[in-house]
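Let's walk through this model together, starting at the ligand and working outward to the backbone. Keep the viewer open as you read.

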Amino acid sequence: MIILKSAREIENIRRGGEIVGKILMELRNYVKPGISTLELDQLAEKLTGQFQVKPAFRGYKGYKHCLCTSINDEVVHGIPSPKRFLKEGDIIGLDFGVIYEGYCSDAAITVGIGKISDEAQRLIRVTEEALWQGIAEMRPKNRLFDISHAVQKHVEQNGFSVVRQFVGHGIGQSLHEDPAIPNYGDPRTGIELKAGMVFAIEPMVNAGGAEVRILNDGWTAVTIDGGLSAHFEHTIAISEEGHSVLTGASPR
Ligand code: MF3
Ligand code: CO
């Protein structure tokens, strides 16, 4: 069941979402060779305290951290570790959400550490572009898989592949609500979009094949072929006029 949100509820998601955007911007300044992924998580936790919001991921299905940190062939849900250090040439996905006045917001960016390969740069650019192509389809009377199709088309036109095992989602008082939003699909199919729907759109894009597997830690998703993967995410409300992005600026 898709829960429609009132203007007041959307305002709460926007307030939290602006904080998510600010915290991701700040984390980005610390993405440098030598920092550990646990240090990034601790910084995210400190910032949630300063902004007086709660981290949305801690405790979710037993997840123990505030942030997901996914390096290179890690697709999503990489676990922060004191032993994992960033190095020049890596790319890292930072996925983060907060709860403000009981409402969740969720966003992700992928950034390079120092000088990265041309392929890595192109993968990051195409993944963020695909997110915006999907967002551009969000308006009343369009259909759910118009979003999915726009993402898939942009990714595949650029020779990359979309991950199937993970999807975007509705969001509100719960981090994950209906509907599931795949990053592939047929245009003009799926439920009709309505003002008041709030979605987290999150393309996960692999440089090689689409297949992923989960490591023994029970969380980290990695590409089967060891190729690079990138992830961008925003929380967006559908309005009468079209849509409104609630998670602030998306730094690259
Ligand atoms: N943004 C991610 C998602 O929507 C992270 C949630 S998983 C968590 O799937 F356990 F880390 F919270
Ligand atoms: Co999400």
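A nitrogen atom of ligand 1 has a polar side-chain atom of Glu-233 at 3.4 Å, a polar contact in the sense used here: a pair of N or O atoms within 3.5 Å, where within protein one must be able to donate a hydrogen and the other to accept it, and residues adjacent in sequence count only if both atoms are side-chain atoms. Two histidines face oxygen atoms of the ligand: His-176 brings a polar side-chain atom to 2.8 Å, and for His-77 the distance from a side-chain N or O atom is 3.4 Å. Taken alone, ligand 1 has 330 Å² of accessible area, and the protein covers 96% of it; such areas come from the Shrake-Rupley method with a 1.4 Å probe, and for residues only the protein chains shown count as cover.

A word on the ground rules: this is a predicted model, in which local features need pLDDT of at least 70, side-chain atom pairs count only at pLDDT 80 or more, and totals for chains, interfaces and linings use all residues. Residues are numbered from 1 along each chain as its sequence is written, chains are lettered from A and ligands numbered from 1 in the order in which they are written, and side-chain values use heavy atoms, with hydrogens and water left out.

Which residues come nearest to ligand 1? They are Asp-95, Asp-106, His-169, His-176 and Glu-202, out of 13 around it, where near means a heavy atom within 4 Å.

Now look at the space itself. Ligand 1 takes up the largest pocket, meaning that more than half of its atoms lie within 2 Å of the grid points. A pocket is an open set of points on a 1 Å grid over the protein atoms alone, where a 1.4 Å probe fits, with protein on both sides within 12 Å along at least five of seven lines; lining residues have an atom within 4 Å of a point. Its volume is about 430 Å³. Of its 25 lining residues, Tyr-60, His-77, Phe-166, His-176 and Glu-202 are closest to the centre.

Strand S8 (177-181) gives the largest share of this lining, 4 residues; strands are DSSP runs (E, at least two residues), and helices are runs of H or I with at least four. Pro-179 belongs to S8, and a cis peptide bond with omega about 0 degrees links Asp-178 to Pro-179.

Finally, visit the loop between helix H2 (37-50) and strand S1 (54-55), where Gln-52 lies. Gln-52 is not a glycine, yet its phi is positive, about 55 degrees.

Methods: Points joined across faces, edges and corners; volume = space filled by probe spheres on them.
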